[in-house]
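Open the model in a viewer and keep the sequence panel in view. The stops below each give a selection and what to find there.

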Amino acid sequence: MKPVIVLGGGGHAKVLLDTLILQGHNILGFTDLQSQASIWGIPYLGHDVEIEKFSPKDLVLVNGIGAVGNNSIRKKLFCFYKERGYSFASVIHPTAIISPRVVIDEGAQIMAGAVVQADVHISGNVIVNTRASIDHDCRINDHVHIAPGATLSGGVHIEEGAFVGAGAVVIQGIQIGTGSIVGAGAVVIKDVPKNRKVAGVPAHVIG
């Protein structure tokens with residue numbers, strides 16, 4: 001793989017850097033809007049504008065911006081650099097269990113201990129976080145975040161930019177609408193329209 005620059009220097013970026021080191025990638029450094037010290041000897045390169053000093057042909061990017069509830073900044077950064085010709089690496093932790101019949105698009109991130117079963121499609125710039133479980137035939141659209149420990153049963157469809165909180169459970173065949181938020185620990189037993197926030201057991205609309 002080409003050398004890597006990670007966008008962001010927060011907690012999510014640190015987890016990604018840890019995985020990239022584990023896999024032996026050549027990490028040029030990381031960027032952040034706030035000045036940072038190096039992380040484990042990996043240099044802080046400056047603000048994101050430093051990326052444009054490098055040709056898109058010479059490296060790949062990793063989107064290290066986390067997303068808790070609102071995925072818009074992460075999406076904006078991904079689209080900004082895609083429009084300028086840069087490519088994003090998918091990052092998959094070696095302890096993740098992934099069926100060979102899974103489709104994983106550009107820039108997706110699958111963290112330690114996650115399980116992804118057969119005929120799942122993980123779209124671009126998605127986070128499947130630590131120990132999340134996605135069962136067969138699910139469709140996870142662009143810019144979605146499945147938080148740590150969340151469980152999706154078979155045939156679930158998560159539309160663009162939605163967020164499924166830590167430890168939430170979504171039963172089979174459910175659709176979560178664009179931009180919606182499923183609160184931590186919720187149990188979703190019916191479809192969630194777009195741009196809604198649901199929480200509770202069973203989940204109900206709270207915003």
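**Stop one: a central residue pair**

Select Val 6 and look across to β2, where its bridge partner is Phe 30. The model is a predicted one. Now turn to β4: there the bridge partner of Val 6 is Val 62.

**Stop two: the strands around Val 6**

Extend the selection to β1 (residues 4–7) and β2 (residues 27–31), which run parallel and are joined by four bridges. Add β4, which also pairs with β1 in the parallel sense, again over four bridges.

Which order do the strands of this open sheet follow? Reading across, the order is β3-β2-β1-β4, four strands with parallel pairing. The edges are formed by β3 (44–46) and β4 (60–63), each of which pairs on one side only. Direction ignored, neighbouring strands of the sheet are turned against each other by 35° on average.

**Stop three: the helix on the sheet**

Select helix α2 (residues 72–83), which packs on the sheet and touches β1 and β4. The direction of α2 makes about 170° with that of β4.

**Stop four: side chains of β4**

Show the side chains of β4. Val 60 and Val 62 point one way from the strand, while Leu 61 and Asn 63 point the other way. Are these four buried or exposed? All of them are buried.

**Stop five: His 145**

Move to strand β14 (residues 145–146) and pick His 145, which is found there. His 145 counts as buried because its relative accessibility is 6%, under the 20% cut-off. To see what surrounds His 145, leave aside residues up to four places away in sequence and display its contacts: Ala 67, Asn 71, Ile 127, Asn 129, Ala 162, Phe 163 and Val 164.

**Last stop: the whole chain**

Zoom out and colour by secondary structure: the protein has two helices and 23 strands. Its radius of gyration is 17 Å, close to the 17 Å that the globule rule gives for 207 residues, so the protein is as compact as a globular protein of that length. The C-alpha trace spans about 50 × 35 × 30 Å along its principal axes.

Switch to a surface view. The accessible surface comes to about 9300 Å², and 54% of it belongs to carbon and sulfur atoms. Of the 207 residues, 45% count as buried. For a contact map, take contacts between residues at least 6 apart in sequence: 26% of these join residues at least 24 apart.

Technical notes
Residues are numbered from 1 along each chain as its sequence is written. This is a predicted model: local features need pLDDT of at least 70, side-chain atom pairs count only at pLDDT 80 or more; totals for chains, interfaces and linings use all residues. Side-chain values use heavy atoms; hydrogens and water are left out. Buried means under 20% relative accessible area, exposed over 50%, partly exposed in between (1.4 Å probe, protein chains only). Contact means heavy atoms within 4.5 Å. Two strands pair if DSSP finds at least two bridges between them. Axes are lines fitted to C-alpha atoms, for helices over the stretch in contact, and angles run from 0 to 180 degrees between N-to-C directions. The radius of gyration is taken over C-alpha atoms; the globule rule is 2.2 Å times the number of residues to the power 0.38. Accessible areas come from the Shrake-Rupley method with a 1.4 Å probe; for residues, only the protein chains shown count as cover.
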